[in-house]
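Hi,

Here is the structure I said I would pass on. Have a look at it first, and my notes follow underneath.

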Amino acid sequence: MMDFPLPNFAHESLKPFWDAAASRKLVFPRCTACGAFCWYPRPNCPECGGADFTWTEIGGVARLFSWAVVRRALHAPLKPIVPYVPVILEFDGAPGVRLVTRWIGGDIGGLTIGQEVRITFDDLGCPGIHTDILAPLCS
Amino acid sequence: MTSRNWGGLVPYEDIAGEVAIVGVGETAHTANSGRDPIAMAAEAIAAALDDAGLRPDQVDGVMFRGGMKDQFTDADFRRYFGTDRALWVSAEGGAMTWAGTAPYEAALAIREKKASVIVNAFTVDWASQTKANTGGGPGEYHREDLMKGSFEVPFGFYPQPVYFAAIARRHMHEFGTTEAQLGAIAISSRRHANTHPGAVMREKLLTLEDYLARPPFIDPFRVEDCCLISDGAAAYVMTAADRARDCAKPPVIVRGVAESFDEADTFFAQHRAITSTPQAFCAPAAYRMAGIGAADVDVLAVYDPFTIVALMQIEDMGFCEKGSGGVFVEGDRLDFRRGRARGGLPFNTHGGLLSHSYVLGISHVVELVRQLRGEAANQVADAQIAVYGGFTGGTCSTLVLGKGG
């Protein structure tokens with residue numbers, strides 16, 4: 001699947017996230033000065049203006065914030081995996097972070113907002129497309 | 001967690017009553033026209049000038065959208081209309097939010113005597129591009145963004161229908177909004193399109209039963225919750241309010257305008273107030289400039305790429321309490337025939353992006369001008385005040401128009 005949309009791994013502001021994902025860890029930039037999580041990466045902390053960030057592993061519970069069920073792919077490279085379920089997650093203990101990922105846990109009809117989900121490191125193209133990129137999906 | 005607000009106002013000077021819209025024009029709106037977008041814009045501008053009773057050589061200001069492809073620039077104006085006079089040029093015009101804010105930029109230019117007759121145009125051939133698969137279209141800007149391209153697109157959170165389906169689900173969760181209530185917006189827009197000669201969906205009927213029976217598309221959206229993709233262009237002509245009376249048609253006065261932003265820009269998943277829009281900031285500011293309240297608005301046109309975006313803006317512009325928009329839009333509330341006096345809110349009386357055309361909101365302003373002149377296809381009785389709600393996702397604008405004397 002050559003045309004599967006791949007992240008930019010090389011860009012310095014994104015590399016720590018994907019490097020960590022390759023070793024099955026989920027990290028987000030945290031302002032060294034005030035402790036706020038800042039997502040997506042940006043040059044300055046929106047809370048205090050600080051410019052120094054520490055990529056910090058998140059260990060708290062992940063919860064389903066919202067989702068959509070894509071039954072007809074508007075983006076051709078993802079056609080082989082319809083229906084697919086892009087989700088937005090929030091984390092207990094990490095306010096300010098919303099992670100966009102994809103639900104691979106089945107039972108789409110049973111999803112509810114606020115439910116706990118598990119971060120599952122698997123191929124970014126899961127299920128069925130092989131990208132050889134390890135990514136934080138959820139189930 | 002924080003006292004920092006999620007968005008705010010762009011500071012504007014008071015320009016109430018200074019500028020008028022004196023001419024409007026559009027091309028036909030069609031799917032897959034194969035037409036050149038620049039030629040379409042020229043046609044719309046020529047129609048708008050004709051509508052105003054002005055000649056191309058009287059134009060000394062040209063507005064278009066910078067940063068968007070295939071827009072009609074000052075060079076195009078010279079080429080098509082043969083003028084060699086000095087032109088004031090602004091890349092802060094166009095559609096979306098800017099269909100609402102272009103009159104502000106124009107008012108300042110007129111005040112500073114940089115220009116006296118200004119055209120603002122927007123043109124799009126995305127239906128043709130989508131058909132030809134040339135890579136253009138509404139998703140392109142999002143796909144090319146570094147953060148979206150790395151943290152959203154690879155997970156399938158792309159393009160816009162996916163963002164707003166997730167936002168709609170959140171609105172349903174927080175406020176109890178239903179699919180049938182979203183459908184009510186699609187239905188009223190379609191009914192307006194059915195009696196509007198310029199609407200792409202003029203011949204396509206849609207009832208609530210039809211809507212509910214449609215298969216899921218991007219849950220919780222059906223196709224009918226999403227805007228059309230069409231080719232076309234529209235333009236409007238502005239001049240000083242005191243000069244406007246000399247034009248061919250009754251002037252429409254810009255009484256208030258405001259612009260606002262969400263600090264998370266178009267990173268929708270990161271919007272802290274994800275079920276609100278920046279209309280919450282700019283609508284009250286524009287009403288203040290105009291000296292009106294939401295209750296004074298006779299006809300509303302709102303940028304409606306998805307039913308939920310229309311619903312959120314109706315709430316955020318003060319037509320009902322936040323969260324009660326679903327109940328508010330039920331039944332015939334949005335129908336042009338009901339009117340404010342009978343508890344209605346004539347809304348997108350041309351059919352909007354959902355059923356009229358996808359010129360990204362500039363046709364909404366064209367429609368409001370026609371309403372205030374009394375020449376609309378779906379005429380709201382005695383319309384005195386008309387409001388446009390512009391939207392890009394990261395920004396909003398509110399434009400208050402009043403019937404000129």
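To start with a small puzzle: how many residues lie between β10(B) and β11(B) in the hairpin they form? The answer is three, and G393(B) in that turn has a positive phi of about 105 degrees. Before you read on, please keep in mind that this is a predicted model.

I'll stay with that part of chain B for a moment. The two strands of the hairpin, β10(B) and β11 (residues 395-403), run antiparallel and are joined by seven bridges. Within that pairing, G389(B) sits opposite T398(B) of β11(B). β10(B) also has a partner in β9 (residues 299-302) of chain B, and here the pairing is parallel, over four bridges. G389(B) turns up again in this second pairing, where V302(B) is the residue opposite.

Is β10(B) enclosed by the rest of the structure or not, and what tells you so? Seven of the seven residues in this strand (385-391) are buried, so β10(B) is largely enclosed by the rest of the structure. The cover is on both faces: one side has I385(B), V387(B), G389(B) and F391(B), the other has A386(B), Y388(B) and G390(B), and all of them are buried.

Just ahead of the strand there is a backbone oddity. D382(B), in the loop between α15 (362-373) and β10 of chain B, has a positive phi near 50 degrees despite being a residue other than glycine. D382(B) counts as exposed, because its C-beta has 10 neighbours inside 10 Å and the cut-off for exposed is 12 or fewer. M96(B) is another non-glycine residue with a positive phi, about 45 degrees in this case. You will find M96(B) in the loop between β4 (88-90) and α3 (98-111) of chain B. M96(B) counts as buried, with 22 C-beta neighbours inside 10 Å.

Now for chain B as a whole. DSSP-style assignment gives this chain 15 helices and 11 strands. Its radius of gyration is 20 Å, close to the 22 Å that the globule rule gives for 405 residues, so chain B is as compact as a globular protein of that length. Its C-alpha atoms fill a box of roughly 55 × 50 × 50 Å along the principal axes. Of the 405 residues, 62% count as buried. If you take the contacts between residues at least 6 apart in sequence, 78% of them join residues at least 24 apart.

One helix pair is worth a look. How do α8(B) and α12(B) lie relative to each other? The axes of α8 (residues 179-194) and α12 (residues 307-316) of chain B come within 9 Å and cross at roughly 95 degrees, which makes α8(B) roughly perpendicular to α12(B). L182(B), I185(B) and A186(B) come from α8(B), and they meet T307(B), I308(B), A310(B) and L311(B) of α12(B). By class, that contact has six nonpolar residues, one polar and no charged.

Two buried residues in chain B also went into my notes:

- A48(B) is in helix α1 (residues 37-52) of chain B and counts as buried, with 25 C-beta neighbours inside 10 Å. Beyond its neighbours within four places in sequence, A48(B) is in contact with G23(B), V24(B), G25(B), V119(B), A235(B), Y236(B) and V237(B).
- F347(B) is in the loop between α13 (325-328) and α14 (352-355) of chain B and is buried too, with 23 other C-beta atoms within 10 Å. Not counting residues up to four places away in sequence, F347(B) touches S188(B), L300(B) and L334(B).

On to where the chains meet. The contact takes 30 residues from chain A and 31 residues from chain B. On the chain A side, β3 (62-67), β4 (69-70), β5 (85-91) and β6 (98-103) each give two or more residues, and β6(A) gives the most, with four. That side of chain A has 20 nonpolar, five polar and five charged residues. There is strand pairing across the chains as well: β4(A) and β6 (residues 218-219) of chain B are antiparallel over two bridges, with V69(A) opposite D219(B).

Last, chain A has cis peptide bonds to check, including W39(A) to Y40(A), with omega about 0 degrees, and V82(A) to P83(A), with omega near -10 degrees. Y40(A) is in the loop between β1 (27-31) and β2 (53-57) of chain A, and P83(A) is in the loop between β4 and β5 of chain A.

Cheers

Terms used
Residues numbered from 1 in each chain as written. Chains lettered and ligands numbered in written order. Predicted model: local features only at pLDDT ≥ 70, side-chain atom pairs only at ≥ 80, totals over all residues. Rg over C-alpha atoms; globule rule 2.2 N^0.38 Å. Buried ≥ 20, exposed ≤ 12 C-beta atoms within 10 Å, placed from the backbone. Contact = placed C-beta atoms within 7 Å. Nonpolar A, V, L, I, M, F, W, Y, C, P; charged D, E, K, R; others polar. Pairing = 2+ DSSP bridges. Axes fitted to C-alpha atoms, helices over the stretch in contact; angles between N-to-C directions. Parallel < 35°, antiparallel > 145°, perpendicular 65-115°, else oblique.
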